[in-house]
Amino acid sequence: MRIFLSNRTGSIQREFQHEIEEKSKQNLDRCLGCGACTGGCPNVDFFDYSPREIIAMIKLGDKKKVLESETIWYCLGCYLCEERCPGRISIPRVMDSCREMSLVEGYEAARENIVLFHKLFLTQVARYGRSPETLLALLFNFKTKDYLRDADLGRRMFLKGKMKLFPERVRNREEIRSLFKEADFRGVLLK
């Protein structure tokens with residue numbers, strides 16, 4: 001485990017934990033540190049810190065490391081960790097709260113363009129009720145000026161019917177828009 005102790009006081013450490021607990025509605029003191037979340041995570045090989053390490057760093061008050069980590073952006077939100085956690089902690093909710101806090105407080109993401117991808121994804125979900133892969137890839141490539149990134153892969157997926165040219169819309173888009181409005185996503189969505 002790559003945890004580095006902070007030299008901050010106990011009250012400051014608890015402040016960060018309380019902020020995350022309030023946003024995520026999770027009690028991180030229920031974490032046993034058993035690693036069941038990490039053992040079941042399908043994306044852990046891409047993380048700079050495991051889910052168990054993120055929870056431990058939150059409890060230690062290492063806010064900067066958590067909010068600048070790649071892990072909070074690479075969490076798939078598949079909820080497998082929550083299913084395995086004996087403390088019933090919803091780590092995807094914790095990761096969502098960390099991403100939100102990172103954006104609002106202006107922390108730098110560890111990897112270039114990861115925040116842009118996140119904002120494009122959320123903007124598409126707010127607009128269409130889902131994120132159409134073709135449009136998301138085209139917008140991301142256009143915004144990063146890497147116009148031919150994954151062009152061959154996209155062409156093959158399109159020919160196999162895995163990607164559609166035009167986005168499908170879901171019913172009740174107004175309901176989804178109201179959820180975004182209620183969650184107050186100002187500053188997160190792109191115009």
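A polar contact is a pair of N or O atoms within 3.5 Å; within protein, one of the two must be able to donate a hydrogen and the other to accept it. With that in hand, let us walk through this predicted model, starting at a serine that makes such a contact.

**Around Ser-90**

The side chains of Ser-90 and Glu-82 are joined by a polar contact of 2.9 Å. Ser-90 sits in the loop between helix 6 (80–84) and helix 7 (91–105). Is this loop residue buried or exposed? Ser-90 has a relative accessible area of 3%, so it is buried. Leaving aside residues up to four places away in sequence, Ser-90 touches Gln-26, Tyr-79 and Glu-82.

**The chain as a whole**

Stepping back, the secondary structure comes to 11 helices and zero strands. Read from the N terminus, the order of elements is therefore simply α-α-α-α-α-α-α-α-α-α-α. The chain has 191 residues, and buried ones make up 40% of them. Of the contacts between residues at least 6 apart in sequence, 68% join residues at least 24 apart. About 12,000 Å² of the chain is exposed, and carbon and sulfur atoms supply 53% of that area.

**Cysteines without a bond**

How many disulfides does the structure hold? The structure holds zero. A disulfide calls for a pair of cysteine sulfur atoms within 2.5 Å, and two cysteines show how the model falls outside that cut-off. For Cys-81, the closest cysteine sulfur belongs to Cys-75 and is 6.0 Å away, which means it is too far for a bond. For Cys-85, the closest cysteine sulfur is that of Cys-34, at 6.3 Å, so here too the separation is too far for a bond. Cys-81 counts as buried because its relative accessibility is 10%. Cys-85 is also buried, with a relative accessible area of 11%.

**Loops on either side of helix 8 and helix 9**

Now to some loop residues. Most residues other than glycine have a negative phi, so a positive value is worth a look. Asn-113 is not a glycine, yet its phi is positive, at about 70°. This asparagine lies in the loop between helix 7 and helix 8 (114–128). Asp-150 also has a positive phi, near 55°, in a residue other than glycine. The place of Asp-150 is the loop between helix 9 (133–144) and helix 10.

Glu-112 is likewise found in the loop between helix 7 and helix 8. Its C-alpha atom is separated by 10.0 Å from that of Thr-144, although the two residues are 32 residues apart along the chain.

The table gathers the accessibility of these loop residues.

| Residue | Relative accessibility | Class |
|---|---|---|
| Glu-112 | 69% | exposed |
| Asn-113 | 28% | partly exposed |
| Asp-150 | 53% | exposed |

**A nonpolar patch on the surface**

Which residues make the nonpolar surface patch? Phe-158, Leu-159, Leu-165 and Phe-166 make it, and the patch covers about 490 Å². Leu-159 belongs to helix 10, which spans residues 151–159. Why does Leu-159 count as exposed? Its relative accessibility is 62%, and exposed means over 50%.

Technical notes. Residues are numbered from 1 along each chain as its sequence is written. This is a predicted model: local features need pLDDT of at least 70, side-chain atom pairs count only at pLDDT 80 or more; totals for chains, interfaces and linings use all residues. Side-chain values use heavy atoms; hydrogens and water are left out. Patches are made of residues with over 30% relative accessible area and no salt bridge: like charges are joined within 9 Å, nonpolar side chains (Val, Leu, Ile, Met, Phe, Trp, Tyr) within 5 Å. Accessible areas come from the Shrake-Rupley method with a 1.4 Å probe; for residues, only the protein chains shown count as cover. A salt bridge is a side-chain nitrogen of Lys or Arg within 4 Å of a carboxyl oxygen of Asp or Glu. Helices (H or I, at least four residues) and strands (E, at least two) are DSSP runs, numbered from the N terminus. Buried means under 20% relative accessible area, exposed over 50%, partly exposed in between (1.4 Å probe, protein chains only). Contact means heavy atoms within 4.5 Å.
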